[in-house]
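Q: Please take a close look at one part of this structure. Then walk me through what else can be said about the model, in short steps.

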Amino acid sequence: MLQEWGQGARLNKGGFFVAEQIKVIVFALGNEEYGIDVDKVRTIERMMPITRVPKTYSFIKGVINLRGVVIPVIDLRGRFNLEETEYTDQTRIIIVAVGDMEVGFIVDAANDVVDLDRDNIDSPPEVVGGVKAKYLDGVAKVGEDRLLIMLNLAEVLNRGEVAHLEQLED
Amino acid sequence: MDMNQYLSMFIDESNDHLQSLNEKMLELEASPEDISIVQVIFRSAHTLKGMAATMGFEDLAALTHQMENVLDLVRNDKLKMQNFIFDTLFKSLDALEAMVQDITQGGEGKADVSAIVASLQAIVRGEVPGGAQDAAPAEGSAQPAGAPISKEQVQLDEFQHSILEQSLAAGHRVLFIEVSIREDCQLKAARAYMVFDLLERSGEVVKSHPTVQEIEQEKFDRSFSLYFITEKDPDELRTMILNLSEIEDAKLVSIDSDTLTQLGEKIKEEEVLAQAPAPETAADAAPVETAAEEKPVAAGDKQPAAKKVVAAPSRTIRVDIERLDVLMNLFSELLIDRVRLEQLATEIKSQELTESVEHMGRVSSDLQNIVMKLRMVAIDTVFNRFPRMVRDLAKSLGKKLDLVITGAETELDRTVIDEIGDPLVHLLRNSVDHGIESIAERVAAGKPETGTVNLRAFHSGNHVFIEIQDDGKGIDRSKVLASAIKKGVVTEDESRSMTDEQVYQLLFAPGFSTAEKISDISGRGVGLDVVKSKISTLGGHVAVTSTLGEGTLFSVQLPLTLSIISAMMIRLGSEKYAIPLSSIVETGIIRKNQVRNVHGSKLIPYRDAHIPLMSLSRFFDAPDFNEEDEEETEIVVIRKGDRMAALAIDSFIGQNEIVIKNLGKYLPQVQGISGATILGDGQVALILDPNALIK
């Protein structure tokens with residue numbers, strides 16, 4: 001019974017089951033808003049000098065020095081085959097950590113944190129905002145008219161899949 | 001009282017004392033007469049006992065107490081160090097180490113030490129276990145004429161021993177002569193030379209102590225001793241020697257064949273035990289980093305002052321590694337702020353601000369160097385336990401061998417240091433067990449009885465190499481292949497086309513073992529594949545070269561992750577790169593008209609030959625630089641083995657000490673790039689991998 005409520009379901013004071021709440025960092029790519037579980041996010045940085053790394057995929061913009069640690073930076077627009085744009089004052093680098101792998105995502109803007117019920121996350125349609133479903137965990141509804149696209153970090157950072165993608169392009 | 005807060009301090013200090021005990025014991029074994037070493041050992045043991053008792057580790061304290069009793073007798077000259085005493089003391093050290101290990105892992109440091117305690121007590125009572133009884137009387141009868149022939153002076157090797165034997169058999173006289181020179185003598189070396197000159201006119205000097213070179217350089221106290229073959233009468237010789245001026249005394253002892261045999265036996269025994277080389281070999285092998293290094297000092301110069309220089313402890317404090325990491329990261333942030341300040345200073349254009357920012361810049365780059373170097377540890381911390389290990393191993397296998405360590409000061413990042421110990425132990429054991437032959441085999445092959453294992457560490461390019469080389473029997477290609485085919489690792493067809501290197505790599509295949517006899521040291525076929533996988537996880541690899549009958553070389557190549565190298569910083573348009581200085585042969589400038597096109601590749605004249613010119617800008621797709629636009633271009637000539645190539649670059653920035661960092665887990669391998677470094681201004685610069693650039 002508990003399982004059906006999803007992991008982490010718990011009783012509230014009144015003895016009713018409530019769905020697990022998660023905190024999500026919201027960022028923008030084009031006209032869409034995306035979300036990453038706050039536990040996966042190390043920091044959010046302003047745009048900083050990036051050292052180009054040659055002989056890699058074009059969406060890997062290079063490496064940055066984040067307080068003494070060298071971290072690769074990916075342009076998420078490039079990663080999702082969206083059109084890359086000029087960086088602005090709003091551009092942010094979101095440093096995420098999956099396992100012991102740390103990567104920075106360049107996004108158009110990142111300026112919100114919201115609480116979500118896991119229940120409110122629906123499985124994604126095939127393509128959302130030009131991003132394939134496999135990179136997504138689902139779509140969450142926030143408030144009345146806001147939709148958050150939840151990223152599947154493991155897939156976004158999957159190197160094997162990247163190699164495959166590259167082969168197709170060739 | 002709660003002792004927990006002192007526990008980690010206790011563990012650290014105990015380990016230090018144990019290490020020093022081990023080292024000093026080896027040193028003492030090499031020169032058992034040197035009481036000053038016993039004093040050092042005694043003090044270490046005493047401190048250890050005190051600490052253990054305070055912390056409530058009773059077994060530890062009890063055992064050290066018994067060791068102390070033995071050492072006390074030795075330092076008061078009531079007991080002579082002998083083989084079985086060394087063995088028992090070494091066993092005690094092992095037990096102590098095991099206990100401290102147990103405490104480190106949260107145990108109570110309890111162990112059954114009653115057997116060792118009993119044998120230590122037996123030693124104190126003056127009992128001699130059966131096996132060693134021969135040694136004691138031999139010592140007594142070696143002094144028939146009342147002249148002290150201490151073991152230290154009697155360092156005859158096999159060869160010299162047999163010469164003396166033959167001379168006796170041929171009816172010549174063999175004399176042991178000890179000459180002392182007057183204290184007020186000004187030119188000791190000259191007097192000694194006169195004695196030698198005189199003696200050589202009437203016979204042959206077989207062996208002197210100190211060596212002739214040392215005597216010539218006046219590296220002796222007031223007396224020297226020698227073995228002498230002659231026809232002359234001892235008394236006559238004595239008078240002749242005493243007739244020389246400034247000679248105080250000369251003792252001549254005739255040695256008969258019985259004494260000689262006993263001496264020989266004793267020497268043999270000592271040599272099997274002593275893995276440290278005899279003084280004369282140590283003097284030749286200059287960079288020896290074991291107890292052997294200190295031995296010539298101990299043997300030749302007994303002044304305690306000289307010894308103190310060697311034993312001076314480095315002044316250090318212990319710091320938690322995590323604190324260092326925090327320090328490093330904080331410092332990096334400081335650097336970023338420094339750059340911001342510098343930018344602000346140029347905008348505001350205030351003289352005073354600019355000056356203080358510049359000063360801060362200089363201070364912070366010094367600070368940077370120090371902070372970066374803090375994480376580096378000399379590989380000595382791994383190597384220092386090997387002399388003892390090899391000694392025990394050689395003894396249990398009945399082999400004679402010297403371990404020669406060079407490059408122990410080579411620095412590696414702490415993380416690598418922590419991991420590299422076990423693989424090296426395996427490789428060393430392998431060399432001692434399978435590489436070095438038994439004494440009989442070595443003699444039959446016309447090699448010296450004592451085998452040599454060289455352990456070397458050095459920086460090369462962006463790697464650290466650790467090499468283990470033995471002068472043993474080498475790897476038998478056909479034996480390896482036969483075993484591999486039998487085990488189904490390779491097929492017979494495959495085996496024919498394999499290169500030697502490929503065959504040697506089979507040794508690292510899981511479950512592979514060529515030893516005919518399985519010993520408890522190695523040869524279970526589980527060692528080397530573990531070694532290989534461990535080294536691979538560290539990002540390194542092992543290469544093997546071997547010549548049948550002459551020896552084997554295992555070369556472990558490790559990346560310098562996080563270690564510091566010297567590099568040439570260069571510019572490629574707006575981008576900066578670092579080239580490891582160790583792979584740079586030279587730098588220069590070439591004109592466009594010197595470049596020749598041969599079959600589509602560019603060549604430039606270099607010294608007497610032509611070497612390929614590589615376009616770094618094309619290789620890296622540099623966005624804003626192309627050397628083709630320049631009439632003259634700067635080049636860096638790099639080397640990989642014996643091949644060279646020139647890299648065309650934009651301009652040189654200068655030479656720097658840089659800290660190597662990896663590019664992060666997401667970018668494990670990038671062609672032509674071995675890592676990254678953080679520059680003084682906080683920016684990341686990539687480090688070129690010259691090995692990948694030269695095909």
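A: Right after helix H2 of chain B comes B:Gly56, whose phi is positive, near 85°. The model is predicted: local features need pLDDT of at least 70, side-chain atom pairs count only at pLDDT 80 or more, and totals for chains, interfaces and linings use all residues. Residues are numbered from 1 along each chain as its sequence is written, while chains are lettered from A and ligands numbered from 1 in the order in which they are written.

H2(B) covers residues 35-55, 21 residues in total. Helices (H or I, at least four residues) and strands (E, at least two) are DSSP runs, numbered from the N terminus. From first C-alpha to last, H2(B) reaches 30 Å, close to the 30 Å expected at 1.5 Å a residue. That expected span is 1.5 Å times one less than the number of residues.

The buried residues of H2(B) are B:Ile37, B:Val38, B:Ile41, B:Ser44, B:Ala45, B:Leu48, B:Lys49 and B:Ala52. Seen down the helix axis, they fall within an arc of 140°, so they line one face of H2(B). The arc is that of the directions from the helix axis to the C-beta atoms. A buried residue has 20 or more other C-beta atoms within 10 Å of its own (exposed: 12 or fewer; partly exposed: in between), with C-beta atoms placed from the backbone.

Now chain B as a whole. It has 26 helices and 22 strands. Of its 695 residues, 36% count as buried.

Chain A has 3 helices and 15 strands. Of its 170 residues, 30% are buried. In chain A, 6 strands form an open, mixed sheet in the order E10-E3-E4-E15-E14-E11. Strands E10 (109-117) and E11 (121-122) stand at its edges with a single partner each, so one side of each is left without a neighbour in the sheet. Two strands pair if DSSP finds at least two bridges between them. E3(A), residues 21-29, pairs with E10(A) in the antiparallel sense over 8 bridges. There, A:Gln21 stands opposite A:Asp117.

Strand E8 of chain A, residues 92-98, has 5 of its 7 residues buried, so it is largely enclosed by the rest of the structure. E8(A) is joined to E5(A), residues 41-46, by 5 bridges, and the two run antiparallel. A:Arg46 stands opposite A:Arg92. With E9(A), E8(A) shares 7 bridges, again antiparallel. A:Ile94 has A:Phe105 as its bridge partner. The hairpin of E8(A) and E9(A) has 2 residues between the strands, and A:Gly99 there takes a positive phi near 60°.

A:Ile94 and A:Phe105 are also among the residues with the most contacts inside the largest nonpolar core, which has 79 residues. Such a core is a set of buried Ala, Val, Leu, Ile, Met, Phe, Trp, Tyr and Cys residues joined through C-beta atoms within 7 Å. Apart from it lies another core, of 40 residues, among them B:Ile405 and B:Leu528.

Last, the place where the chains meet. The contact takes 20 residues from chain A and 24 from chain B, with residues in contact if their C-beta atoms, placed from the backbone, lie within 7 Å. Strands E6 (60-66), E7 (69-75) and E9 (101-107) of chain A each supply at least two residues of its side.

Definitions and conventions:
Contact = placed C-beta atoms within 7 Å.
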